[in-house]
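Okay, thanks for coming, everyone. I've got one structure to walk you through today, so let me put it up and then we'll go through it piece by piece.

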Amino acid sequence: MRILVTGANGMLGTDLCCLLEQSGHEVIRSSQRESAESDVALDILDFASTRATLRQHKPEMLIHTAAYTHVDGCERDPDRAFQINALGTWHVAAACAEQDIPLVYISTDFVFDGRKTTPYTEFDTPNPINHYGASKLAGEQAVQKLCRRHYIVRTQWLFGVHGKNFPGTILELAQKRNELPVVVDQRGSPTSTLALSRALIKLLDSPLYGTYHIACKGECSWFEFAQKTLELAGISHVTLHPIPAEQWPSPTHRPAYSVLRRYVLELQGRDDLPPWQEALEEFIELLKAKK
């Protein structure tokens, strides 16, 4: 299959493109500016350009990973968040709809308010409590309204070797400090870009379009995530201090509990995501191999 991937030089896009090619797909890498990591420049904020690019390259599917994911940045500049995550996705969805190209849109757990105490399913009603979540939900709505054939994939707490992420930051800080404060009262499911990419590739073979939750199995707090990261990396000299979210310097109100249940995959008998600890162990081994 000929697949165009937006945000191809990002943390998720890089792993996804590599695995798609290994699976036998023809991949068109796109980013905002043409570079060594991309085949084509695609400015999703320019509808005419987006439409022309799709007409020229004629993908059989488009996977939209490009987004403004800096959560605090979205809170400080909501206009930019909505311009990229909502309007940009609107442009992509409209161009795909016009040419009847199936669209995969990567969304987030932040579309939920975090007030539940059990994992969110695809059938729960979104209610974002920050600008990042609201802008991504607006993107979902554009995809649902415009694209007849679409997959909306919500994921969470992503980490991978090709971008800035939580366990990577913990390991970097552990080289400089002996004590680290980590938030203890927010819970989610850490998910590696490799685990998500593998699940996405399997999803592409299904004609069952709609909304899916794809996250690694299990749940933890950021504090527990940091603990496991240091344990798997063999680092014992760092002391972690649990702190409430209100003590962490951030302008963003984050959901306290945003664990995603892969309910649709469960019902379909296709839920084979790995535990987050297993995905984290693979991530750390890959980091070691890069050094």
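Let me start with one pairing in the middle of the talk's main topic, the sheet. His64 has Tyr105 in β5 as its bridge partner. One thing to keep in mind throughout: what you're looking at is a predicted model.

So where does that residue pair belong? Strand β4, residues 61-64, and strand β5, residues 103-108, run parallel and are joined by three bridges. Zooming out, we have an open sheet of seven strands, paired in parallel, and the order is β3-β2-β1-β4-β5-β6-β11. Which strands sit at the edges? Those are β3 (40-41) and β11 (210-213), and each has a single partner strand, so one side of each has no neighbour in the sheet.

Now over to β1 and β2. These two also pair in the parallel sense, this time over four bridges. If you want one residue pair to click on, take Val5, whose bridge partner in β2 is Arg29. Is β2 buried or exposed, for the most part? Five of its six residues are buried, so β2 is largely enclosed by the rest of the structure.

Next, what lies on the sheet? Helix α1, residues 11-22, lies across β1 (2-6), β2 (26-31), β4 and β5, and it runs at about 165° to β2. Then there's helix α7, residues 193-203, which also packs on the sheet. The strands α7 touches are β5, β6 (150-155) and β11, and its direction makes about 160° with that of β6.

Okay, helices against helices. First up, α6 (residues 166-174) and α8 (residues 222-233): their axes are 10 Å apart and the packing angle is about 60°. That makes α6 oblique to α8, and the crossing is right-handed. Who's doing the touching? From α6 we get Phe166, Pro167, Ile170, Leu171 and Ala174, and they meet Trp222, Phe225, Ala226, Thr229, Leu230 and Ala233 from α8. Sort that contact by class and you get 10 nonpolar residues, one polar and no charged ones.

Helix α8 has another partner, α10, residues 276-290; their axes come within 10 Å and cross at roughly 45°. So α8 is oblique to α10, and this crossing is right-handed. On the α8 side you have Glu224, Phe225, Lys228, Thr229, Leu232 and Ala233, meeting Trp276, Gln277, Leu280, Glu281, Ile284 and Lys288 in α10. How does this contact divide by class? Six nonpolar, two polar and four charged.

Two single residues before I stop. Ser221 is in strand β12, residues 220-221. With 1% relative accessibility, Ser221 counts as buried. Leaving out residues up to four places away in sequence, Ser221 touches Trp157, Val184, Gln186 and Arg187.

The other one is Leu265, in helix α9, residues 263-268. Leu265 has a relative accessible area of 5%, and the cut-off for buried is under 20%, so Leu265 is buried. Which residues does it touch, again not counting those up to four places away in sequence? Tyr212, His213, Ile214, Arg270, Asp271 and Leu273. And to tie back to the α6 contact, where Ile170 came up: the C-alpha atoms of Leu265 and Ile170 are separated by 32 Å, with their positions 95 residues apart along the chain.

That's my tour; happy to go back to any view.

Note on methods:
Residues are numbered from 1 along each chain as its sequence is written. This is a predicted model: local features need pLDDT of at least 70, side-chain atom pairs count only at pLDDT 80 or more; totals for chains, interfaces and linings use all residues. Side-chain values use heavy atoms; hydrogens and water are left out. Two strands pair if DSSP finds at least two bridges between them. Contact means heavy atoms within 4.5 Å. Axes are lines fitted to C-alpha atoms, for helices over the stretch in contact, and angles run from 0 to 180 degrees between N-to-C directions. Angles under 35 degrees count as roughly parallel, over 145 as roughly antiparallel, 65 to 115 as roughly perpendicular and the rest as oblique. A crossing is left-handed if the near helix is turned anticlockwise from the far one by less than a right angle, and right-handed if clockwise. Ala, Val, Leu, Ile, Met, Phe, Trp, Tyr, Cys and Pro count as nonpolar, Asp, Glu, Lys and Arg as charged, and the others, Gly among them, as polar. Buried means under 20% relative accessible area, exposed over 50%, partly exposed in between (1.4 Å probe, protein chains only).
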